[in-house]
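These are my notebook entries on one structure. I looked up helix packing, aromatic and charged contacts, and the relation between two chains.

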Protein chains: 4
Amino acid sequence: MSRTPYVAVVGPGEASPDELHTAEEVGAGLAAAGVVVVTGGLGGVMEAASRGARSRRGRTLGLLPGDDRDAANGWVEIAVPTGMGELRNGLVVRAADAVVALGGGYGTLSEIALALKLGRPVVGLGTWEVHGVDHVSTPEDALALIAGLLVQ
Amino acid sequence: MSRTPYVAVVGPGEASPDELHTAEEVGAGLAAAGVVVVTGGLGGVMEAASRGARSRRGRTLGLLPGDDRDAANGWVEIAVPTGMGELRNGLVVRAADAVVALGGGYGTLSEIALALKLGRPVVGLGTWEVHGVDHVSTPEDALALIAGLLVQ
Amino acid sequence: MSRTPYVAVVGPGEASPDELHTAEEVGAGLAAAGVVVVTGGLGGVMEAASRGARSRRGRTLGLLPGDDRDAANGWVEIAVPTGMGELRNGLVVRAADAVVALGGGYGTLSEIALALKLGRPVVGLGTWEVHGVDHVSTPEDALALIAGLLVQ
Amino acid sequence: MSRTPYVAVVGPGEASPDELHTAEEVGAGLAAAGVVVVTGGLGGVMEAASRGARSRRGRTLGLLPGDDRDAANGWVEIAVPTGMGELRNGLVVRAADAVVALGGGYGTLSEIALALKLGRPVVGLGTWEVHGVDHVSTPEDALALIAGLLVQ
């Protein structure tokens with residue numbers, strides 16, 4: 001696949017240390033594979049995934065709910081203040097070729113559902129049990145699954 | 001509560017006869033209580049709920065995913081072609097004081113999740129098992145719950 | 001034309017007594033012709049057009065920029081809090097078969113431009129001079145033009 | 001100003017050779033100044049501005065109207081398929097600290113109006129005469145004005 005792949009990493013703004021570590025590993029692995037990492041641009045899982053990606057000099061896109069670009073965490077390279085509130089969850093999913101979902105939270109669930117509705121593959125790490133999500137238990141397994149999806 | 005309440009009835013565009021019957025009962029009961037019934041404006045559960053509401057001379061609002069108003073089912077009194085695709089699911093939920101969810105489908109799940117994220121009460125009838133949804137088994141129970149919520 | 005026509009009346013939230021009078025006349029005339037009157041749901045021209053429509057028992061739809069339905073003026077029958085800020089201007093225009101624009105204001109100009117971009121006819125009453133707008137000087141002339149457009 | 005500035009270059013998808021040359025110069029100058037160049041991601045002025053920016057190794061963001069990322073021109077580094085049609089014009093403007101508008105077109109006019117509504121400075125190069133736009137006649141003058149705005 002020659003065009004640059006985009007993968008969204010979605011998860012709550014408040015997350016456990018384990019979830020943050022996992023998100024950072026996923027972000028780093030995606031960036032190392034040349035993927036643009038898309039998030040909601042705020043804290044928690046979004047920040048950890050973006051930080052991981054930047055640690056590998058990867059590109060990060062943050063689609064913010066509010067209209068203030070400065071609300072983006074410091075690891076978001078390109079920040080888009082959508083001013084659309086939770087409707088931006090649909091933009092996050094639409095912007096991505098595949099989604100990695102971590103942790104709980106209703107926003108995360110909405111992104112999983114919208115991704116499946118749009119036919120985007122979703123890889124889950126300790127997240128909602130929804131039919132259609134490929135659940136794995138380590139960042140490495142998530143990255144392997146994503147890699148397999150993106151070469152198709 | 002003096003202002004007019006709005007309740008969204010969400011569910012798949014393709015539904016079983018039982019689900020359609022339930023949706024129609026819910027729509028009729030909401031309209032009888034003076035509620036504006038909000039749906040995604042298309043077929044299946046959306047159409048049945050709107051038809052039920054109109055059978056009681058209720059008001060119906062349909063927020064369509066496409067940009068063609070004529071895609072609305074015939075029971076939608078006020079149709080808004082949003083042209084936003086599945087992002088309109090968030091508009092449906094935002095427009096409502098409470099949500100009744102019927103049946104499966106990823107679109108329905110996204111609306112449940114967005115509603116809970118926004119703090120809207122969600123009453124479920126044979127739908128996704130998500131923490132925070134009040135599950136009931138009959139239209140009457142759903143209507144009683146909604147009535148209780150709206151007087152608060 | 002058998003389907004119900006929708007016409008947007010767009011104009012600033014702060015308007016002169018003359019503009020308000022004109023907007024009210026336009027709203028009344030549209031309602032008398034069976035048109036659903038669409039506005040941005042707030043004050044000024046939006047409120048006057050909605051009030052005019054309601055004076056003829058017409059139907060009024062307000063698409064609000066914020067996420068609070070109670071921000072709608074009292075003449076809006078069906079209020080949709082989009083939570084999208086000025087992006088809702090595009091929804092107002094998309095929801096309408098034709099647009100009547102009154103007065104100045106940048107929001108009004110954006111609605112004129114989006115309407116023309118989408119191929120919606122725009123009738124202007126003391127508004128921006130933009131190629132493609134049919135300018136008239138009385139509510140009666142505006143209503144006659146709209147009537148001609150809607151029977152096509 | 002320490003944070004990275006974003007400037008939108010807006011203009012029609014079909015443009016004259018002069019307009020394309022001007023857009024490319026503007027894009028190049030913005031990129032040389034460390035600005036992220038935001039466009040609607042398609043052809044004409046959008047493509048020329050993005051190409052100019054990439055010629056200086058600048059960063060380019062394209063916010064597309066459709067839901068297919070591959071519709072972006074080849075100079076868009078980060079492409080976001082919004083699937084919102086012309087409503088994305090509001091996102092382009094919201095994402096930017098300032099706007100440079102080139103040429104005619106109703107889409108361009110809507111972006112000028114939305115930018116002024118949101119209080120974003122707009123520099124015009126052979127575009128619509130709208131009160132509030134700072135009109136200049138060369139890319140150099142546009143870049144000088146933008147530079148002045150961004151240091152404030």
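The entries below follow that order.

Entry 1: model. I note at the outset that this is a predicted model.

Entry 2: helix packing in chain B. I recalled that two packed helices are described by the angle between their axes and the distance between the axes. I looked up helix α1 (residues 17-32) of chain B against helix α5 (residues 139-151) of chain B, and found an angle of about 35° with the axes 9 Å apart. I recorded the crossing of α1(B) and α5(B) as right-handed. On the α1(B) side, I listed T22(B), E25(B), V26(B), G29(B) and L30(B) as the contact residues. On the α5(B) side, I listed P139(B), E140(B), L143(B) and I146(B). Sorting this contact by class gave me five nonpolar, two polar and two charged residues.

Entry 3: rings and charges. I found four aromatic pairs over all chains. I then looked up charges placed over rings. The charged end of R69(A) sits over the ring of Y6(D), 3.7 Å from the ring centre. I also noted R69(C), whose charged end sits over the ring of Y6(B), 3.7 Å from its centre.

Entry 4: chains A and D. I asked which rotation superposes chain D on chain A. A rotation of 180° does so, with 0.0 Å of shift along its axis and an RMSD of 0.0 Å. I therefore entered the two copies as related as by a two-fold rotation axis. In chain D, I identified I78(D) as the residue whose C-alpha is nearest the axis, at 4.0 Å from it. I noted last that the same surface serves both copies, as 100% of the contact residues of chain D recur in chain A.

Conventions: Residues numbered from 1 in each chain as written. Chains lettered and ligands numbered in written order. Predicted model: local features only at pLDDT ≥ 70, side-chain atom pairs only at ≥ 80, totals over all residues. Heavy atoms only, no water. Axes fitted to C-alpha atoms, helices over the stretch in contact; angles between N-to-C directions. Helix = DSSP H or I, 4+ residues; strand = E, 2+ residues; numbered from the N terminus. Left-handed = near helix turned anticlockwise from the far one by under 90°. Contact = heavy atoms within 4.5 Å. Nonpolar A, V, L, I, M, F, W, Y, C, P; charged D, E, K, R; others polar. Phe/Tyr/Trp six-rings, centres within 6.5 Å; stacked < 30°, edge-to-face > 60°. Lys NZ or Arg CZ within 6 Å of the ring centre and 35° of its normal. Least-squares fit on C-alpha atoms with pLDDT ≥ 70 in both.
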